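Visitor: I have some time at the screen this morning. Could you walk me through this model, a topic at a time?

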Amino acid sequence: MKILFGIQGTGNGHISRAREIVPLLQQYGEVDLLVSGTEAEVSLSQPLKYKFHGFSFVFGKNGGVDNWATFKIMNLRQLWKDLHSLPLNDYDLIINDFEPVSAWACRLQKVPSVSLSHQCSFVSDKTPRPKKWNYAEWLFKYYSPTTHHIGFHFERYDHFIHTPVIRSDIRKMETSDKGHYAVYLPAYSDKTLVKYLSQTSDVEWQIFSKRQKTQYREGNVQIFPVNNEAFNASLASCTGLLTGGGFEGPAEALYLGKKVLMIPMRGQYEQQCNALSASKLGVEVIHTIGHDFVPRINNWLANDNRIVVDFPDETAQIVDEMVKKYARR
């Protein structure tokens with residue numbers, strides 16, 4: 001059997017989840033990997049068959065998307081060319097984690113494909129989202145359209161939605177509490193984070209930065225370049241995680257029994273939805289870093305709000321059922 005797995009390369013969550021799924025897929029046949037996007041710091045262990053520019057947003061430095069930088073990196077001509085370059089008939093099964101090139105190639109060539117992603121959970125009206133409708137609902141529907149859906153979210157909101165994929169190395173991790181807090185907020189500059197976090201209660205902060213190439217310290221704040229192993233080590237031994245409105249990072253921290261505080265990106269609808277879902281579990285959410293940030297985060301630091309979650313290890317079963325149900329031959 002030949003399998004094509006298309007993976008979104010914006011952010012680190014998609015790649016991190018794929019690191020767990022790819023070895024499982026390889027038990028069923030030959031797997032070709034396709035990644036499109038420009039904003040991930042982690043990579044896969046296996047070689048890529050296809051690497052496309054894709055269609056990504058760029059993280060800003062003030063809590064939102066950098067719209068001008070996003071516009072500048074668009075290359076619609078290349079995207080159109082890439083859509084028509086994939087030999088889809090070579091594959092028995094095409095799987096997609098919110099990756100637009102392979103998804104639209106399948107749609108144009110009338111080839112079935114399967115979403116295996118967090119984003120496809122929003123196909124269901126039962127998945128929480130803010131009451132006010134947002135144009136980004138069109139992105140959920142049309143950015144990476146597929147014929148079948150297998151979703152992941154914090155809770156099982158619908159029959160095709162499963163709890164998060166927690167990587168094996170996270171599940172096996174020995175945890176401790178050394179008193180520091182891990183930070184991953186790629187939509188804020190290091191300067192902004194240091195300014196505010198240095199004003200908080202007497203705790204140690206470990207920031208993992210998209211922009212920094214070397215480690216340094218300012219007072220009670222340490223800044224590290226993004227590194228998967230270093231971040232995992234920090235997460236395993238921290239008291240809590242301060243992060244954006246992503247999905248995999250907060251899910252892994254909750255699984256490890258860590259306190260979590262989320263600051264979703266402004267203007268990023270998916271992160272607003274994720275934060276709403278997490279808040280229903282009891283996770284603290286702050287929507288911007290501003291004048292009231294220090295007292296609010298000091299209040300979070302003072303409260304031991306640890307949430308018990310049930311994220312069973314079902315990934316192998318999900319992959320097995322997907323292959324048996326959707327492989328074309």
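Visitor: Let's begin with enclosed space: how many cavities of 30 Å³ or more does a search of the whole structure find?

Guide: The search finds two cavities of 30 Å³ or more. On a 1 Å grid over the protein atoms alone, a cavity is a set of points where a 1.4 Å probe fits but cannot get out, whereas a pocket is an open set with protein on both sides within 12 Å along at least five of seven lines, and lining residues have an atom within 4 Å of a point. Grid points are joined across faces, edges and corners, and a volume is the space filled by probe spheres set on the points.

Visitor: And what lines the largest cavity?

Guide: The largest cavity holds about 40 Å³ of space, and its lining consists of Phe152, Thr163, Pro164, Val165, Arg171, Pro312, Asp313, Glu314, Thr315 and Ile318.

Visitor: Before I go on, what should I know about how the model was made and counted?

Guide: This is a predicted model, in which local features need pLDDT of at least 70 and side-chain atom pairs count only at pLDDT 80 or more, while totals for chains, interfaces and linings use all residues. Residues are numbered from 1 along each chain as its sequence is written, and side-chain values use heavy atoms, with hydrogens and water left out.

Visitor: Fine. What about open space, say the second largest pocket: which residues lie nearest its centre?

Guide: Phe122, Val123, Glu137, Phe140 and Lys141 lie nearest the centre, out of 18 lining residues, and the pocket contains about 290 Å³ of space. Helix α5 (136-142) and strand β5 each supply at least two lining residues, with the largest share, four residues, coming from α5. Helices (H or I, at least four residues) and strands (E, at least two) are DSSP runs, numbered from the N terminus.

Visitor: How many helices and strands are there in the chain?

Guide: The chain has twelve helices and 14 strands. Of its 329 residues, 58% count as buried, where buried means under 20% relative accessible area, exposed over 50%, and partly exposed in between (1.4 Å probe, protein chains only).

Visitor: Which residues have the most contacts inside the largest nonpolar core?

Guide: They are Phe5, Ile7, Leu25, Ile95, Leu116, Phe154 and Met322, in a core of 54 residues. The largest share of this core, six residues, comes from helix α1 (residues 13-25), and the core draws at least three residues from each of domain 1 (2-166 + 313-326) and domain 2 (171-302). A nonpolar core is a set of buried Ala, Val, Leu, Ile, Met, Phe, Trp, Tyr and Cys residues joined through side-chain atoms within 4.5 Å, and the domain bounds come from an automatic or database domain assignment.

Visitor: What does Phe154 touch?

Guide: Not counting residues up to four places away in sequence, the partners of Phe154 include Thr163, Phe247, Pro250, Leu254, Leu281 and Phe311; contact here means heavy atoms within 4.5 Å.

Visitor: Pro250 and Leu254 sound like one helix. Why is helix α9 described as largely enclosed?

Guide: Helix α9 (residues 248-255) is largely enclosed by the rest of the structure because six of its eight residues are buried, namely Glu248, Pro250, Ala251, Glu252, Ala253 and Leu254. The cover over these buried residues includes α1, α8 (228-237) and α10 (269-281). Just after α9, Gly257 takes a positive phi of about 80°.

Visitor: Which way do Phe98 and Lys110 go, buried or exposed?

Guide: Phe98 is buried, with a relative accessible area of 14%, whereas Lys110 is exposed at 73%. Phe98 sits in the loop between β4 (93-97) and α4 (100-109) and has a positive phi near 50°, while Lys110 lies in the loop between α4 and β5 (114-117) and has a positive phi near 60°.

Visitor: Last one, the chain end: what is Ala327 in contact with?

Guide: Leaving aside neighbours within four places in sequence, Ala327 is in contact with Met1, Asp92, Leu93 and Met322. Ala327 lies in the segment after α12 (315-326), and its C-alpha is 8.6 Å from that of Met1, although the two residues are 326 apart in sequence.
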